[in-house]
Amino acid sequence: MYSTLSASSCHLLSRRSSSDGGSRASCSLQFWTCHRQCEEALTATSYGSFGASAAIARGSERMGGFPKLGLDEKHGACLLLGGRGGKLPRMFERARVGEHLLQNGNRKKNNATIRAILQWNRRPQMAGSPPRVVVVTSGKGGVGKTTTTANIGMCLARLDFKVVAIDADVGLRNLDLLLGLENRVNYTAIEVLNGECRLDQALIRDKRWVNFELLCINKPRYKMPLGFGGKALTWLVDALKKRPEGTPDFILIDCPAGIDAGFITAITPANEAIVVTTPDITSLRDADRVTGLLECDGIKDIKMVVNRVRSDMIKQEDMMSVLDVQEMLGLPLLGVIPEDADVIKSTNRGYPLVLKKPPTLAGLALEQAAWRLVEQDSMKAVLIEEAPAKRGFLPFFGG
Ligand code: ADP
Ligand code: MG
């Protein structure tokens with residue numbers, strides 16, 4: 001199993017020596033966050049061909065035989081240990097899943113294969129005061145900015161936050177496509193600025209999650225209109241803040257590629273940034289440059305999402321590990337998104353991956369990133385480890 005570790009949850013987990021099944025890392029952990037019904041979480045665990053079953057690790061309280069469950073009071077979480085056979089108690093079906101951990105557990109003792117930390121009816125605690133204006137940028141094109149904006153935005157809306165996503169990629173607008181809202185764009189921000197319509201007419205409310213709204217700057221294939229710049233976008237953001245319906249909790253700005261006028265416009269109203277990068281040298285160099293520009297612009301809160309990670313390639317040393325990326329960019333890590341064909345399918349269907357049932361690994365990773373964004377948490381370490389082949393585990397992602 002290939003795995004990632006959130007340092008924030010380290011204390012919940014036992015460290016294993018590298019001789020215990022692991023070749024490189026000392027921990028064998030897969031840590032994801034999601035916010036779903038427990039049932040779905042277990043579907044997700046079985047996605048990794050582990051089989052969905054659970055027994056509980058700590059503070060155990062028996063719930064009518066196997067499996068057991070325990071509450072971690074500090075985290076409001078349940079820690080589940082996977083085993084063979086057994087069904088989840090009904091109460092879990094109502095549980096909201098927060099943090100979701102998959103681990104190749106203590107195989108010798110109890111055949112445990114899966115661990116999941118479930119948040120117990122917990123909503124992430126908003127750090128910082130709303131509205132948080134977050135720009136999603138990268139420098140390089142095609143690394144996953146729009147995918148990240150659409151999915152994190154949807155997750156935040158599902159977590160009950162009011163979200164407005166602004167597609168500031170004026171020339172190559174495609175956030176509406178990813179969200180499946182392209183047929184509903186009648187008015188754009190340009191008409192609002194020209195006084196041809198009201199702001200709420202240009203805001204497209206998602207039918208799946210009504211607290212998610214999309215604002216496009218311009219009609220597709222139109223160039224950036226003359227005079228549209230940072231000031232105009234700041235005016236729009238201020239107008240969103242003053243809406244009678246209430247201030248949104250998050251304003252996400254999908255930034256165009258490059259570092260020219262469109263980029264400068266997109267970052268002007270932002271006070272936080274998510275830098276999306278893939279683990280390749282061109283994308284990293286651009287991300288580094290963009291980070292410098294963001295800092296010059298006074299944006300201090302910058303986190304990164306490492307997208308399209310392939311563990312099989314990392315294992316063969318054909319791809320940089322996430323730790324390498326972290327060392328190179330020196331940014332706090334918001335999420336690690338595996339390369340996943342489902343991302344492309346969801347893009348083509350106009351259905352954000354995080355809404356997919358059963359959830360996919362990339363979807364769970366994006367959901368985890370959304371949680372971290374809300375709580376201003378970040379991963380501090382990511383470890384990769386090889387699965388013991390004889391158990392027949394499939395590689396977790398990329399395999
Ligand atoms: P950007 O907005 O940075 O130009 P996009 O979000 O539009 O990038 O993504 C570019 C392409 O990459 C899309 O076709 C998308 O489906 C694909 N993609 C993004 N992330 C992943 C991933 N984790 N796995 C597979 N494909 C991905
Ligand atoms: Mg884009």
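The largest pocket of this predicted model encloses about 610 Å³ of space, and its lining is made up of 34 residues, among which G141, G142, K145, T146 and N174 lie nearest the centre. Two or more lining residues come from each of the elements α4, β15, β16 (333-338) and α13. Sorted by class, the residues around the largest pocket comprise 14 that are nonpolar, twelve that are polar and eight that are charged.

Beside this open space, the model holds enclosed ones, with two cavities of 30 Å³ or more in the count. The second largest cavity contains about 30 Å³ of space and is bordered by T147, N151, L178, S346, T347, Y351, P352 and L353. Here α4 (145-158) and α13 (341-349) each contribute at least two residues to the lining, and these two helices are also among the elements that give two or more residues to the lining of the largest pocket. The class make-up of the second largest cavity is four nonpolar and four polar residues, with no charged residue in the lining, whereas the lining of the largest pocket has eight charged residues.

Strand β15, which was named above as a contributor to the largest pocket, spans residues 301-309 and includes K303. Is K303 buried or exposed? The relative accessible area of K303 is 7%, and K303 therefore counts as buried, since that term applies to values under 20%. The side chain of K303 makes a polar contact with the side chain of D301, at 3.4 Å. When neighbours within four places in sequence are set aside, the residues in contact with K303 are A273, I274, V275, P332, L334, Q376, D377 and S378.

How far each part of the model can be read depends on the confidence assigned to it. The mean pLDDT of the chain is 70, with 63% of the residues reaching 70 or more. Among the elements of the chain, strand β9 (residues 132-137) has the highest mean pLDDT, at 98, while strand β2 (residues 55-56) has the lowest, at 26. Strand β2 falls within residues 1-121, over which pLDDT stays under 50 and for which the model has 339 contacts beyond four places in sequence. Another such stretch covers residues 382-399, where the pLDDT is likewise below 50 and where the model has 66 contacts beyond near neighbours in sequence.

Note on methods: Residues are numbered from 1 along each chain as its sequence is written. Chains are lettered from A and ligands numbered from 1 in the order in which they are written. This is a predicted model: local features need pLDDT of at least 70, side-chain atom pairs count only at pLDDT 80 or more; totals for chains, interfaces and linings use all residues. Side-chain values use heavy atoms; hydrogens and water are left out. Buried means under 20% relative accessible area, exposed over 50%, partly exposed in between (1.4 Å probe, protein chains only). A polar contact is a pair of N or O atoms within 3.5 Å; within protein, one must be able to donate a hydrogen and the other to accept it, and residues adjacent in sequence count only if both atoms are side-chain atoms. Contact means heavy atoms within 4.5 Å. On a 1 Å grid over the protein atoms alone, a cavity is a set of points where a 1.4 Å probe fits but cannot get out, and a pocket is an open set with protein on both sides within 12 Å along at least five of seven lines; lining residues have an atom within 4 Å of a point. Grid points are joined across faces, edges and corners, and a volume is the space filled by probe spheres set on the points. Ala, Val, Leu, Ile, Met, Phe, Trp, Tyr, Cys and Pro count as nonpolar, Asp, Glu, Lys and Arg as charged, and the others, Gly among them, as polar. pLDDT is the predictor's confidence in each residue, from 0 to 100.
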